[in-house]
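Colleague: Hi! Could you walk me through this model when you have a minute?
Modeller: Sure, pull it up and ask away.

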Amino acid sequence: MPPWGGTERCRVALENIGARFVAGSLTRRDPRGRRPGRERRKRGTVSWLAGLAVTVLATMSGLAVYGKAMMSVHMGQHMVLAMTVPILLVLGAPATLALRALPSAAKDGPSGPREVLLRLLHSHYVRIVSHPVVASVLFIGSAFVVYYTSLFETLMRSHLGHMVMLVHFLAVGLLFFWVVIGIDPGPRRPPHLGRLFVLILTMPFHSWFSISLMSSVDVIGEGWWTDLARGWGPSLLDDQYNGGAIAWATGDIPVLVTTVILAVQWVRSDAREARRVDRQIDRGDENDPLAAYNAYLASLHARDRAPRLATIPGQPGGAASGHSTAATSDHPTHEDS
């Protein structure tokens with residue numbers, strides 16, 4: 001069996017996607033006609049191409065060949081497609097590039113590809129599946145459903161089923177990391193602190209899944225592995241233990257990288273908000289939050305000062321001043337007499 005297991009059609013398709021992305025990133029403009037930052041374009045392009053390269057490695061190299069013969073290699077494919085490739089692809093912001101590169105439909109004409117994509121990104125369906133709870137359940141829960149039911153063996157018995165399984169893992173990984181660190185437009189996401197909680201609360205379940213594979217005494221998909229009659233390599237249980245160890249070990253690095261990326265995005269978001277407020281102050285905007293806060297403090301000061309003025313003698317309107325005035329008017333002066 002040749003070490004390179006991918007089809008020519010898939011390879012050409014990925015090369016075409018990469019070439020179109022590079023061409024679009026070099027010529028794209030935002031709706032106001034300005035080019036986005038060169039460094040940002042460069043980082044996004046490198047991230048996207050790296051994601052495609054790792055996808056090729058996981059699906060068209062020796063990993064694809066031996067992924068159907070060894071549980072450990074298959075688990076390596078799973079982890080790469082579900083936790084490494086999605087991070088690289090979502091940082092490339094492909095939806096943003098598509099929205100900027102696709103032409104807009106005519107004013108009175110039918111909707112074009114750009115309008116269809118925009119409606120999809122803000123659709124009710126995407127709003128539901130991109131909810132942090134739903135995305136986390138799909139990301140972790142689907143692994144338990146696939147591996148701890150007969151579905152795994154059924155999918156492994158055909159090339160199409162195996163590819164559908166890998167595409168599913170890639171899709172749920174893209175969804176989860178789009179919610180956590182995605183920069184493409186879409187439904188309203190939780191604040192950065194909420195995204196960090198989503199990451200922290202989800203990853204222990206991934207570790208639990210990995211440890212369960214390592215500690216299991218039953219071979220997952222035993223019928224498939226037995227029918228292969230593989231006469232080389234470790235035993236089925238040892239190979240499954242190795243697969244669980246790979247899942248556990250390779251899960252920590254993407255989580256660490258994602259945490260760093262999220263922290264950087266958080267700092268940059270705060271810096272952008274500070275610049276926005278500064279510009280608002282410089283313009284003298286009536287909605288200036290600093291002016292509103294100062295007015296609020298002034299109102300509190302005036303409210304607290306009013307009772308004190310009423311009790312200080314000699315102050316206009318004070319109680320002592322009013323009493324003195326009344327007493328003076330009750331006694332005639334020298335001029336009156």
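**A chat about the model**

Colleague: Let's start inside. How much space lies in the largest cavity?
Modeller: About 100 Å³ of space lies in the largest cavity. Keep in mind that this is a predicted model.

Colleague: Okay. How many cavities of 30 Å³ or more does the structure hold?
Modeller: The structure holds one cavity of 30 Å³ or more.

Colleague: Which residues line the largest cavity?
Modeller: The lining consists of H78, M79, A82, M83, F139, I140, A143, F169, V172, H206 and F209.

Colleague: And which elements give two or more residues to that lining?
Modeller: Those are α4 (71-91), α8 (132-147), α10 (159-181) and α11. The most comes from α4, which gives four residues to the lining of the largest cavity.

Colleague: What does the lining look like by class?
Modeller: Nine of the lining residues are nonpolar and two are polar, and there are no charged residues in the lining.

Colleague: Good. Let's go to the surface. Which residues form a nonpolar patch there?
Modeller: The patch is formed by L193, F197, I200, L201 and W266, and together they have about 490 Å² of accessible area.

Colleague: Which helix gives the most to the nonpolar patch?
Modeller: Helix α11, which covers residues 192-215, gives the most, with four residues. Helix α11 also turned up among the elements that line the largest cavity.

Colleague: Take L201 from that patch. Is L201 buried or exposed?
Modeller: L201 is found in helix α11. With a relative accessible area of 59%, L201 is exposed, because the cut-off for exposed is over 50%.

Colleague: Switching to charges: how many salt bridges does the count come to?
Modeller: The count comes to two salt bridges.

Colleague: Nice and short. Which side chains meet in them?
Modeller: The side chains of E153 and R157 meet in one, at 2.9 Å, N to O. The side chains of D227 and R157 meet in the other, at 2.8 Å, N to O. E153, R157 and D227 are therefore linked in a network of salt bridges, given that a salt bridge needs a side-chain nitrogen of Lys or Arg within 4 Å of a carboxyl oxygen of Asp or Glu.

Colleague: What does the pair of D227 and R157 tie together?
Modeller: D227 lies in helix α12 (residues 222-228), while R157 is in the loop between α9 (151-156) and α10, so the pair ties together parts that are 70 residues apart in sequence.

Colleague: And how accessible are the residues of that network?
Modeller: D227 is exposed, with a relative accessible area of 54%. R157 is partly exposed at 41%, and E153 counts as partly exposed at 25% relative accessibility.

Colleague: Now the backbone. Where does a residue other than glycine have a positive phi?
Modeller: A93 has a phi near 50 degrees, which is a positive value, and A93 is not a glycine. A229 also has a positive phi, of about 55 degrees.

Colleague: Why would I look at those?
Modeller: Because most residues other than glycine have a negative phi.

Colleague: Where do A93 and A229 sit?
Modeller: A93 is in the loop between α4 and α5 (94-101), and A229 is in the loop between α12 and α13 (236-283).

Colleague: Are they buried or exposed?
Modeller: A93 counts as buried, at 8% relative accessibility, whereas A229 counts as exposed, at 61%.

Colleague: One last topic, contacts along the chain. What separates V126 and G186?
Modeller: V126 and G186 are 60 residues apart in sequence and 8.0 Å apart in space, C-alpha to C-alpha. V126 is placed in helix α7 (residues 124-129) and counts as buried at 10% relative accessibility.

Colleague: V129 is in helix α7 too, right where I'm looking. How far is its C-alpha atom from that of F176?
Modeller: The C-alpha atoms of V129 and F176 are separated by 9.5 Å, and the two residues are 47 residues apart along the chain. V129 counts as buried, at 15% relative accessibility.

Colleague: And L117?
Modeller: L117 is found in helix α6 (residues 113-121), and L117 is partly exposed, with a relative accessible area of 21%. L117 and L99 are 18 residues apart in sequence and 7.6 Å apart in space, C-alpha to C-alpha.

Colleague: Great, thanks!

Notes:
Residues numbered from 1 in each chain as written. Predicted model: local features only at pLDDT ≥ 70, side-chain atom pairs only at ≥ 80, totals over all residues. Heavy atoms only, no water. Patch = residues over 30% accessible without salt bridge, like charges linked within 9 Å, V, L, I, M, F, W, Y side chains within 5 Å. Areas by Shrake-Rupley, 256 points an atom, 1.4 Å probe, with all protein chains shown as cover. Buried < 20%, exposed > 50% of the residue type's maximum accessible area, 1.4 Å probe, protein only. 1 Å grid on protein atoms, 1.4 Å probe; cavity = no way out; pocket = protein on both sides within 12 Å on 5 of 7 lines; lining within 4 Å. Points joined across faces, edges and corners; volume = space filled by probe spheres on them. Nonpolar A, V, L, I, M, F, W, Y, C, P; charged D, E, K, R; others polar.
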